[in-house]
Amino acid sequence: MATTNEKSGPSANTTVTDRHSPIQNTNEVEQALTGRPWMYRARRIGPFKIPPYASPPVQLVMVAFVCFLCPGMFNALSGLGGGGQFDATTANNSSVALYSVFSVVGFFAGTIANRLGIKWTLSFGGLGYFIYIASFLSYNRNQNGGFPIFAGALLGVCAGLLWTAQGAIMMSYPPEESKGRYISWFWMIFNFGAVLGSLSAGAVNDGTYIGFMVLTFCGAALSWCLVDARHVQRADGSHVVLMKHPTWRSELLGLWETLKTDSWVVFLFPMFFASNWFYTYQFNDVNSARFNIRTRALNGLLYWTSQIVGALVFGYALDLARVRRSIRAKAAWAVLFVITMAIWGGGYAWQKQYTRAETSAKDAPRMDWTTSGYVGPMFLYMFYGFYDAAWQTCVYWFMGALTNNGRKLANFAGFYKGIQSAGAVIIFRIDALKAPFMSEFASCWGLLAGALLIALPLILLKVRDTVPLEDDVKFSDETIEEVMPTVVQETHTHESKVH
């Protein structure tokens with residue numbers, strides 16, 4: 001039976017093993033721990049054992065709370081439709097600026113994150129959300145549409161950096177067998193921010209915006225408490241595969257090398273493109289168009305709560321240890337396809353009941369939660385939220401199943417957010433031009449179904465049951481000995497076993 005030391009870092013007598021190499025004794029791994037000793041000590045609070053500060057669970061939870069306070073508040077505001085304004089045009093124009101910049105910066109953000117490091121990238125990214133919400137406070141008082149557009153463009157830069165750093169952490173820090181759970185933990189905490197934001201948004205006024213500003217500033221400040229990725233150590237003693245000495249040149253070349261060595265990732269690009277496309281339709285053309293302000297807040301609460309449920313269900317299902325990972329990937333694809341047909345089929349039945357012309361007038365009737373017939377669209381909106389979490393969780397898990405290399409996964413995350421934002425800017429512009437609701441709905445359903453079909457070859461052929469460590473270190477300047485697992489064990493037979 002293995003015994004657990006209070007300190008997670010390896011000792012001089014550490015036995016080193018990994019799934020591909022014979023057990024060996026090494027002191028070089030201990031020397032690679034450049035963080036302060038307290039980072040690697042587990043602690044107890046009563047009966048509860050708290051993992052070391054530099055462990056993946058603690059770091060992921062901290063990143064989740066950064067996103068809880070920054071993008072979570074952004075989502076809560078967006079979920080009200082039109083950034084809380086009656087006329088969604090200003091919010092749409094700001095969103096066009098946001099996602100236009102995001103689509104460019106996001107694609108290259110992996111290079112920036114790999115060069116600057118996670119802490120700097122994430123902290124700068126969080127500040128953009130504070131300024132963005134401040135612009136709507138300004139607009140609420142003086143109707144100056146220029147500030148929200150500028151703030152949207154600035155947020156495009158900041159969000160591209162924040163989400164790329166977040167994606168790299170979420171996919172590269174956990175061990176292979178836990179990636180689904182880590183994704184679900186992040187998604188649940190992150191969306192709980194939007195849940196709380198929806199609870200506080202029964203009416204949109206200056207106080208609403210100020211409250212959101214305070215929370216987003218706290219989120220940006222929290223990112224400074226993270227440790228650098230090179231200090232992170234997993235429970236088995238292994239480390240994140242990175243570049244020890246990144247330069248701007250090496251990381252720009254690394255972006256190209258990622259596309260060259262992992263060209264199959266392009267089969268996921270349509271899933272990236274579709275992953276935020278439906279937000280505009282759901283927030284502006286369903287929630288804002290058909291419901292009054294208090295019911296919009298309730299719908300938002302139910303939408304983000306359903307995201308928490310969706311992330312929990314899919315995240316844990318994707319980590320079922322008794323099923324091979326390649327089989328889980330195929331099953332996840334099949335389930336996604338089925339619920340795409342079922343949920344959006346229900347959405348088609350709902351969308352046939354109204355048009356943009358019928359809801360565009362300022363005095364057009366809006367549905368309240370006390371209105372007869374509200375229960376049907378309420379459940380539809382909840383399923384939309386569940387579906388979004390399922391889609392995002394699966395996309396991240398598919399990417400994480402291709403590699404464990406942190407440098408490469410940062411580039412994958414950048415591709416994801418950049419292409420995702422390119423889709424978002426197009427649909428925001430389409431909505432700003434007052435396209436028919438049914439046309440926007442059809443584009444959502446068609447893109448989602450088509451993206452799944454295009455991704456199928458990658459799911460069938462490229463998701464392996466495990467990725468050899470030798471493959472992961474090829475894309476870095478680290479060695480296997482520097483990143484491989486280390487376990488401290490004592491047995492009666494003096495034989496080391498991997499648990």
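Start by selecting D228, which is partly exposed at a relative accessible area of 22%; here buried means under 20% relative accessible area, exposed over 50%, and partly exposed in between (1.4 Å probe, protein chains only). Add R230, which counts as exposed at 52% relative accessibility. The side chains of R230 and D228 meet in a salt bridge, 3.3 Å from N to O; the term stands for a side-chain nitrogen of Lys or Arg within 4 Å of a carboxyl oxygen of Asp or Glu.

A word on what is loaded: this is a predicted model, where local features need pLDDT of at least 70 and side-chain atom pairs count only at pLDDT 80 or more, while totals for chains, interfaces and linings use all residues. Residues are numbered from 1 along each chain as its sequence is written, and side-chain values use heavy atoms, with hydrogens and water left out.

**Zoom out to the chain**

Colour by secondary structure and you have 19 helices and 5 strands. These are DSSP runs numbered from the N terminus (helices H or I, at least four residues; strands E, at least two). Of the 499 residues in the chain, 58% are buried.

**More salt bridges**

A search of the whole structure finds 12 salt bridges. Select E176 and R325 for one of them, with the closest N and O atoms 3.6 Å apart. This pair links distant parts of the chain: E176 sits in the loop between helix 6 (146–172) and helix 7 (179–199), R325 in helix 13, 149 residues apart. Both E176 and R325 are buried.

Now go to R356 and D285, whose closest N and O atoms are 3.9 Å apart in another salt bridge. R356 belongs to helix 14 (residues 356–359) and D285 to helix 11 (residues 277–290), 71 residues apart. Add D431 and E440 to the selection: salt bridges that share partners join D285, R356, D431 and E440 into one network.

**Into the core**

Next, select F186, L268, M271, W344 and W391. Of the 132 residues in the largest nonpolar core, these touch the most other members. Such a core is a set of buried Ala, Val, Leu, Ile, Met, Phe, Trp, Tyr and Cys residues joined through side-chain atoms within 4.5 Å. The largest share of this core, 15 residues, comes from helix 15 (residues 375–400).

Centre on F186: leaving aside neighbours within four places in sequence, F186 is in contact (heavy atoms within 4.5 Å) with L60, V63, A64, C67, W163, Q166 and M170. Apart from this core lies another one, of 6 residues, including V241 and L469.

**Two polar stops**

T340 is in helix 13 (residues 325–351), and T340 is buried with a relative accessible area of 0%. Show the side chain of Y387 as well, since the two side chains make a polar contact at 2.6 Å. That term means a pair of N or O atoms within 3.5 Å; within protein, one must be able to donate a hydrogen and the other to accept it, and residues adjacent in sequence count only if both atoms are side-chain atoms.

Then pick S238, in the loop between helix 8 and helix 9. What does the side chain of S238 make a polar contact with? The partner is the side chain of D236, at 2.6 Å. S238 counts as buried at 5% relative accessibility.
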